[in-house]
Amino acid sequence: MTYIPISPNERDAMLKTVGVKSLDDLFDAIPKKHRFPELDLPPALTEMEAASLLGEMASTNENVREHMISFLGAGAYNHYVPAVVDHMLRRGEFYTAYTPYQPEISQGTLQAIFEYQSLMTNLTGMEVSNASHYDGATATAEAVNLAYAQFRGKRKKIVMSPSVHPQYREVIRTYTQSLGLVEAGDEVSADLEAGPEALMSLTDESTMLVVVQYPDFFGRIHDYTKLIEDAHAKGALVCIVANPTALLMLKTPASMGADIVVGEAQPFGIPLWYGGPYLGFFTTKKSYVHKMAGRLIGETVDNRGQRSYVLTLTAREQHIKRERATSNICSNQGLLALASAVYMSALGKTGLQQVANLCYQKAHYAASELSKIDGFGLCFSEPFFHEFVLCCPKPASEVNAYLLEHGIFGGYDLGKDYPSLENHILMAFTEMNSKQEIDTLVEVLKEME
Amino acid sequence: MNTPTNLKYTKSDEWFDAASGAVGITDFAQSQLSDIVFVELLVEEGEEVTVGKAIASVESVKASAEIYAPASGKVSAVNKGLSDKPETLNSDPFGEGWMIKIEGGTAGDNTMDSTAYEADCAGRAH
Amino acid sequence: MATIMEPTIFELSSPGRTGVTMPASDVPEVALPPKDLLRSEFPLPELAEVDVVRHYMKLSKFNYSVDEGFYPLGSCTMKYNPKINEDTCRLPGFLYTHPLQPIETVQGNLVLMYELQEWLKEISGFAGMTLQPAAGAHGEFTGVLMMAAYHKSRNDSKRTKMLIPDAAHGTNPASAGMLGMSVVTIPSDERGNVDLKALAAACDDTVVGMMLTNPNTLGMFDEHIEEVVALVHKCGGLMYGDGANLNALLGIVRPGDLGFDVMHINLHKTFSVPHGGGGPGSGPVGVSERLLDFLPSPLVGIVEEGDGDDMAPLYGFVTPKHSIGRMKAFHGHFGGGLVRAYTYISMHGPDGLKDISQYAVLNANYLQARLRGTYKIPYDRICMHEFVAEGSFEGSDVRALDIAKRLMDYNFHPPTNYFPLIVHEALMIEPTETENKDTLDRFADALIKIAEEAKTQPELLHNAPHITPFGRMDEVKAARELVLCCWLPENYETLT
């Protein structure tokens with residue numbers, strides 16, 4: 001009865017008003033043979049006991065702040081989250097509110113998400129941002145849905161770079177398995193050294209969307225301008241999956257001509273949390289806004305002449321358009337969009353540029369030191385931001401196991417997704433990695449047999 | 001409610017002008033949808049359409065609707081300007097708000113005249 | 001020019017102001033990438049931390065929330081969000097674990113996920129459970145993909161029709177639409193049940209299955225649920241349960257026992273994960289025996305058995321044989337969803353869970369009884385956790401919308417309105433179990449008073465709300481002018 005604020009006397013009075021004798025009498029509509037099953041669950045804990053149990057479970061983990069040195073990235077990044085972010089998230093006014101369907105009493109959420117939309121458009125250079133998706137992978141899948149809807153199913157080919165995050169490509173396949181799409185570009189045999197131009201020969205008049213990543217899964221920075229020009233000449237759209245931290249330093253996808261820019265905004269104020277919940281951002285051109293899935297907030301005025309905000313273009317969405325909607329998405333990641341807005345505001349222009357520069361500097365220091373070790377080297381020669389592929393003298397799984405013994409998460413074993421990269425580790429660096437940590441990594445690897 | 005007598009109507013609120021081949025949505029439809037903010041024409045010039053094929057998608061502030069061909073034939077023109085000015089469907093549904101033309105098109109068996117259509121609308125309004 | 005209650009974060013920005021700063025670099029400096037790869041402008045705000053805090057504090061006060069008051073949104077289950085959940089989900093061991101860490105180093109997380117899978121299976125009566133889906137709609141999509149995969153695996157390619165009752169949530173047809181299925185709408189009968197005749201007529205060998213919310217969005221438990229399930233199964237279809245209304249069924253009945261084949265569970269409704277102003281949610285999906293092999297990958301499983309003594313089993317990831325694939329990156333909404341739900345279930349146990357549903361149903365029936373006579377209740381029988389009233393009166397032009405807005409003046413959040421579509425001027429009211437009798441009485445009193453006002457002072461309702469910081473919005477202007485962000489990139493020059 002922990003959270004049920006009704007006394008036995010009140011209960012009896014209420015039952016009387018309803019006109020039944022007992023609580024059980026409220027359930028006569030339920031087939032008798034299945035009514036009131038005995039659930040085999042552990043007995044209830046008090047709050048004190050639950051806090052202790054959860055504390056124990058959490059402490060069983062080796063975490064990347066208290067126990068381990070970590071160079072894991074591959075789509076989830078260990079960044080510093082300023083204290084102010086969580087203090088704002090813990091406001092009950094924000095986290096215990098529902099979707100802002102009643103704008104008169106939801107302006108807090110509405111303005112915050114409107115500002116989030118604005119921050120994301122400024123970051124990517126695009127014209128429109130929605131109120132967010134579940135994560136970067138599903139945002140990318142929604143880009144495919146947009147393109148499919150835009151061409152009304154008349155174009156069915158999707159060209160995907162093999163250097164788009166493997167899990168994102170997997171999610172696209174799951175999402176589109178019944179659409180009968182033709183896929184090209186990311187076959188197991190694909191040449192991983194090839195630049196974006198390789199995708200041009202695969203793009204044709206039946207292509208609806210080209211998907212690339214920036215920086216790509218291997219950390220490489222490509223300029224996609226030519227690829228996009230080529231795709232546009234063939235009438236196809238281009239989606240760039242971008243890392244928001246990298247966008248603090250690198251030219252915007254919009255300036256390359258991208259039609260859709262999506263990605264994972266977890267690096268902006270959201271803890272690693274073992275993979276979720278995160279924040280998929282989705283930005284595009286204004287001309288595609290009606291085909292875009294997800295909630296959208298627009299500016300307006302109220303009947304007192306005050307500037308205010310509402311959910312807009314809602315007739316695109318499932319609750320009105322039902323089976324004809326581009327997507328069935330209903331919720332967004334509201335609270336985490338707020339987190340990223342607070343993160344960007346609290347660090348501001350100066351702090352954010354510092355974060356980007358620190359990521360870049362640490363990764364380049366690490367790359368240069370690691371390359372000096374016999375048998376190790378950088379796999380690719382293109383410029384990179386804060387992630388790169390380290391080529392090792394033996395299988396990545398063995399190197400990682402060795403590093404683990406020394407309290408280090410070495411990085412992501414690329415052999416799992418790319419058979420030709422069995423000896424390669426994808427390593428990520430952020431402001432959280434000190435020089436000392438990097439030096440430790442180098443020292444430990446030097447002694448590997 | 002405006003219901004020109006020279007047009008044919010469908011139960012799903014499209015009108016068809018046999019003389020010009022023009023197709024659009026009725027005054028009743030636009031008032032039910034209220035403020036229309038988006039129109040997408042789903043057919044192109046030269047395309048063959050048959051009765052009942054979706055020819056346009058319309059979204060208002062509160063609702064969405066598919067618009068179906070009230071006649072069969074070849075699409076001879078589409079009102080390209082409509083997507084920039086969806087509000088035309090509210091202000092002038094039988095004029096500037098025409099959607100496509102099916103020249104020489106044959107009206108479907110399910111079409112009715114203005115009197116029958118008005119009666120149908122009256123039956124649907126609360 | 002519109003009055004501005006709170007400037008945007010961009011308007012508050014002042015060039016040169018700094019907030020949180022980062023430490024100096026401790027590594028030798030290297031050159032940045034070539035200039036043609038760098039961005040030239042940087043249109044982001046510049047504020048001090050205190051500016052940021054005051055801004056968001058001010059915004060927070062424009063929100064109504066469960067922590068502030070009664071929030072009876074039908075089908076949304078706006079129950080109280082226990083504060084302990086906020087602490088447990090932020091334990092460092094959960095916050096700072098990377099999704100790609102070796103499984104040996106995250107056994108705490110994996111045990112939690114495994115046990116939660118098992119608990120949800122037990123509560124819902126299903127044979128398998130995935131925790132991956134990010135929200136209810138995402139769970140529905142997962143479920144419908146599995147239904148399609150099941151028929152495909154049997155080379156049963158004729159099946160393209162999804163049966164969906166007229167009272168269904170919009171996500172149901174949209175989920176089926178995402179797979180290109182055609183939707184057949186099944187009407188409800190006069191008692192708010194699925195119309196069995198219409199259902200029987202629609203059942204044939206082209207049916208993928210039926211998506212049913214039970215209790216449905218009228219708050220009615222289908223009195224012929226076993227016949228409904230039997231009809232769908234008989235024609236070879238699968239039963240999908242929309243678990244949005246599971247808060248009525250904990251310890252009352254298990255959907256799996258009723259014959260459902262697949263169902264999503266909204267952890268953010270039933271299991272107290274906060275709604276967060278629109279998300280994140282969490283939508284695990286349970287399946288019956290015959291869909292086990294199609295579950296998304298990966299699932300949490302035991303990868304090395306323990307010896308039942310000192311050595312604990314090793315938990316890790318497993319892939320079902322004919323998995324539909326991955327629904328999102330990584331492993332579901334672990335921190336924000338699964339840890340909170342685990343905490344909540346652990347504090348309830350079997351009896352506590354049953355209490356939740358019994359009191360949720362009691363509260364709804366109590367409110368229904370109090371409003372009967374003042375508001376028309378079109379489907380008037382014992383309801384489950386919610387019920388639907390009509391927000392209109394004979395001879396009055398007051399509509400459900402006006403009543404909803406007027407409730408704000410009494411400091412209540414309005415119920416869901418204009419849904420389900422089959423009720424004229426619907427007001428859909430779900431009080432949840434976490435409200436006391438006084439609150440319910442005050443809410444009923446307010447609604448009764450509003451009904452009186454509708455007769456005597458209808459203008460008061462048409463123009464409501466009056467005491468909130470903001471009045472009704474111009475939604476047409478928003479949709480026509482489409483101002484979707486402030487400070488567009490192209491305006492940057494002029495604004496600095």
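Biologist: In β8(A), which residue is the bridge partner of A:Ser129?

Modeller: Strands of a sheet pair through backbone hydrogen bonds, either parallel or antiparallel. In this predicted model, the partner of A:Ser129 in β8(A) is A:Thr283. Strand β2 of chain A, residues 128–129, pairs with β8(A) in the antiparallel sense over 2 bridges.

Biologist: How many bridges join strand β7 of chain A to β8(A), and in which sense do they run?

Modeller: Strand β7, residues 260–264 of chain A, is joined to β8(A) by 5 bridges, and the two strands run antiparallel. A:Gly263 stands opposite A:Phe281 in β8(A).

Biologist: Is strand β8 of chain A mostly covered or mostly open?

Modeller: A residue is counted as buried if 20 or more other C-beta atoms lie within 10 Å of its own. Strand β8 of chain A spans residues 280–284, and 5 of its 5 residues are buried, so the strand is mostly covered. A:Gly280, A:Phe282 and A:Thr284 point one way, whereas A:Phe281 and A:Thr283 point the other way.

Biologist: Which strands form the open sheet of chain A, and in what order?

Modeller: An open sheet is read from one edge to the other. Here 4 strands of chain A follow the order β11-β12-β15-β14, with antiparallel pairing. The edge strands are β11 (377–378) and β14 (412–413), each of which pairs on one side only. Between β11(A) and strand β12 (residues 387–391) of chain A there are 2 bridges in the antiparallel sense, and A:Gly377 stands opposite A:Cys391 in β12(A).

Biologist: Which helix lies across β11 and β12 of chain A?

Modeller: That helix is α12 of chain A, residues 334–371, which runs at about 10 degrees to β12(A). Helix α13 of chain A, residues 396–405, also packs on the sheet, where it touches β14 and β15 (424–428) of chain A. The direction of α13 makes about 50 degrees with that of β15(A).

Biologist: Is A:Ala346 buried or exposed?

Modeller: A:Ala346 is found in helix α12 of chain A. The residue is buried, because 26 other C-beta atoms lie within 10 Å. Leaving aside residues up to four places away in sequence, A:Ala346 touches A:Pro82, A:Val84 and A:Val85, together with C:Gly19, C:Val20, C:Glu49 and C:Val52. A:Pro166 is 180 residues from A:Ala346 in sequence and 33 Å from it in space, C-alpha to C-alpha.

Biologist: How many residues does the contact take from chain C and from chain A?

Modeller: An interface is read from each side in turn. The contact takes 174 residues from chain C and 173 residues from chain A. On the side of chain C that touches chain A, the largest share, 14 residues, comes from helix α10 (residues 349–371) of chain C. By class, that side of chain C has 93 nonpolar, 52 polar and 29 charged residues.

Biologist: At what angle do helix α6 and helix α7 of chain A pack?

Modeller: A helix pair is described by its angle, its axis separation and its handedness. Helix α6 (residues 136–150) and helix α7 (residues 166–176) of chain A pack at an angle of about 50 degrees, with their axes 8 Å apart. They are therefore oblique to each other, and α6(A) passes α7(A) in a right-handed crossing. Residues of α6(A) in the contact include A:Gly136, A:Ala141 and A:Val144, and those of α7(A) include A:Tyr168, A:Ile172 and A:Tyr175. By class, this contact has 7 nonpolar, 5 polar and no charged residues.

Biologist: Is the crossing of α4(C) and α9(C) left-handed or right-handed?

Modeller: The axes of helix α4 (residues 107–124) and helix α9 (residues 334–346) of chain C come within 10 Å and cross at roughly 60 degrees. That angle makes α4(C) oblique to α9(C), and the crossing is left-handed. Among the residues in contact are C:Leu112, C:Leu116 and C:Trp119 of α4(C) and C:Phe334, C:Leu338 and C:Ile345 of α9(C). The contact has 10 nonpolar, 1 polar and no charged residues.

Biologist: How many helices and strands are there in chain A?

Modeller: Chain A has 14 helices and 15 strands. Of its 449 residues, 63% count as buried. The C-alpha atoms of chain A fill a box of roughly 80 × 55 × 50 Å along the principal axes.

Note on methods. Residues are numbered from 1 along each chain as its sequence is written. Chains are lettered from A and ligands numbered from 1 in the order in which they are written. This is a predicted model: local features need pLDDT of at least 70, side-chain atom pairs count only at pLDDT 80 or more; totals for chains, interfaces and linings use all residues. A residue is buried if 20 or more other C-beta atoms lie within 10 Å of its own, exposed if 12 or fewer, and partly exposed in between; C-beta atoms are placed from the backbone. Two strands pair if DSSP finds at least two bridges between them. Axes are lines fitted to C-alpha atoms, for helices over the stretch in contact, and angles run from 0 to 180 degrees between N-to-C directions. Angles under 35 degrees count as roughly parallel, over 145 as roughly antiparallel, 65 to 115 as roughly perpendicular and the rest as oblique. A crossing is left-handed if the near helix is turned anticlockwise from the far one by less than a right angle, and right-handed if clockwise. Two residues are in contact if their C-beta atoms, placed from the backbone, lie within 7 Å. Ala, Val, Leu, Ile, Met, Phe, Trp, Tyr, Cys and Pro count as nonpolar, Asp, Glu, Lys and Arg as charged, and the others, Gly among them, as polar.
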